[in-house]
Amino acid sequence: IGGLFHDGIVRLIDRKDGEGNLWAGRLVTPVVLDALGEGSFDADSTEQWKHLLASRNQLGSVLNVTWTIYENFYQESGLAQSEGGEDMLIAQPVQQAGFYKDGRRPS
């Protein structure tokens, strides 16, 4: 999920940080906005991938399948039951894959 989605896709569209500063996207086109959803990666967003997953875009399907595989490993490995397990990135729903509960991205 990391490189492709966080370093690539997130940066395609405009997004606002926690202080309201606008970070210009690299490929702000109607097609990209339609797939990702304007404002999806703003600092206050807590369901960053919701629009992509609902758009029927193939990237949304890839994200959904990949996250399901990760979630299964997370459950089977016992990490889910470990102390702090619910705060791990993998504990988040697919709509928030790779982001913490409060919407922060890992550094």
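Let me begin with Q48, which counts as buried at 1% relative accessibility, where buried means under 20% relative accessible area, exposed means over 50%, and partly exposed is what falls in between, with a 1.4 Å probe and protein chains only. Q48 is found in the loop between helix 2 and helix 3, and helices here are DSSP runs of H or I with at least four residues, numbered from the N terminus.

Before going on, a word on the basis: this is a predicted model, in which local features need pLDDT of at least 70 and side-chain atom pairs count only at pLDDT 80 or more, while totals for chains, interfaces and linings use all residues. Residues are numbered from 1 along each chain as its sequence is written, and side-chain values use heavy atoms, with hydrogens and water left out.

What does Q48 touch once its neighbours within four places in sequence are left aside? Taking contact as heavy atoms within 4.5 Å, Q48 meets S40, F41, Q95, Q96, F99 and G103. There is also a short approach within the loop, since a polar atom of the Q48 side chain lies 2.8 Å from the backbone oxygen of S45.

S45 itself sits in the loop that runs between helix 2 (30–36) and helix 3 (50–54), and with a relative accessible area of 11% it is buried. Apart from residues within four places in sequence, S45 is in contact with G39, S40 and G103. K101 is 56 residues away from S45 in sequence, and the two C-alpha atoms are 10.0 Å apart in space.

Let me turn to the aromatic residues. The rule is that rings of Phe, Tyr and Trp (for Trp, its six-membered ring) pair if their centres lie within 6.5 Å, with planes under 30 degrees apart counted as stacked, over 60 as edge-to-face and the rest as tilted. By this rule the count is three aromatic pairs. One of them joins F41 and W49 in an edge-to-face arrangement, at 5.0 Å centre to centre and with 65° between the planes. F41, W49 and F99 make up one aromatic cluster, and its members are buried: F41 at 7% relative accessibility, W49 at 0% and F99 at 3%.

F99 belongs to the segment after helix 4. Not counting residues up to four places away in sequence, F99 touches H6, V10, F41, Q48, W49, L89, Q92, R104 and R105, so this list holds both Q48 and the two ring partners in the cluster. Between F99 and N21, by comparison, there are 19 Å from C-alpha to C-alpha, with their places 78 residues apart in sequence.

F41 brings us to the largest pocket, whose lining consists of 14 residues, with K16, D17, F41, A43 and R105 lying nearest its centre. A pocket, on a 1 Å grid over the protein atoms alone, is an open set of points where a 1.4 Å probe fits, with protein on both sides within 12 Å along at least five of seven lines, and lining residues have an atom within 4 Å of a point. How are the lining residues divided by type? Five are nonpolar, two polar and seven charged.

Two exposed residues complete the picture. E38, in the loop between helix 2 and helix 3, is exposed with a relative accessible area of 71%, and its C-alpha atom is separated by 8.2 Å from that of R15, 23 residues apart along the chain. R56, in the loop between helix 3 and helix 4 (58–77), counts as exposed at 79% relative accessibility. Most residues other than glycine have a negative phi, whereas phi of R56 is near 65°, a positive value.

Definitions and conventions
Polar contact = N/O pair within 3.5 Å; in protein donor to acceptor, adjacent residues only side chain to side chain. Nonpolar A, V, L, I, M, F, W, Y, C, P; charged D, E, K, R; others polar.
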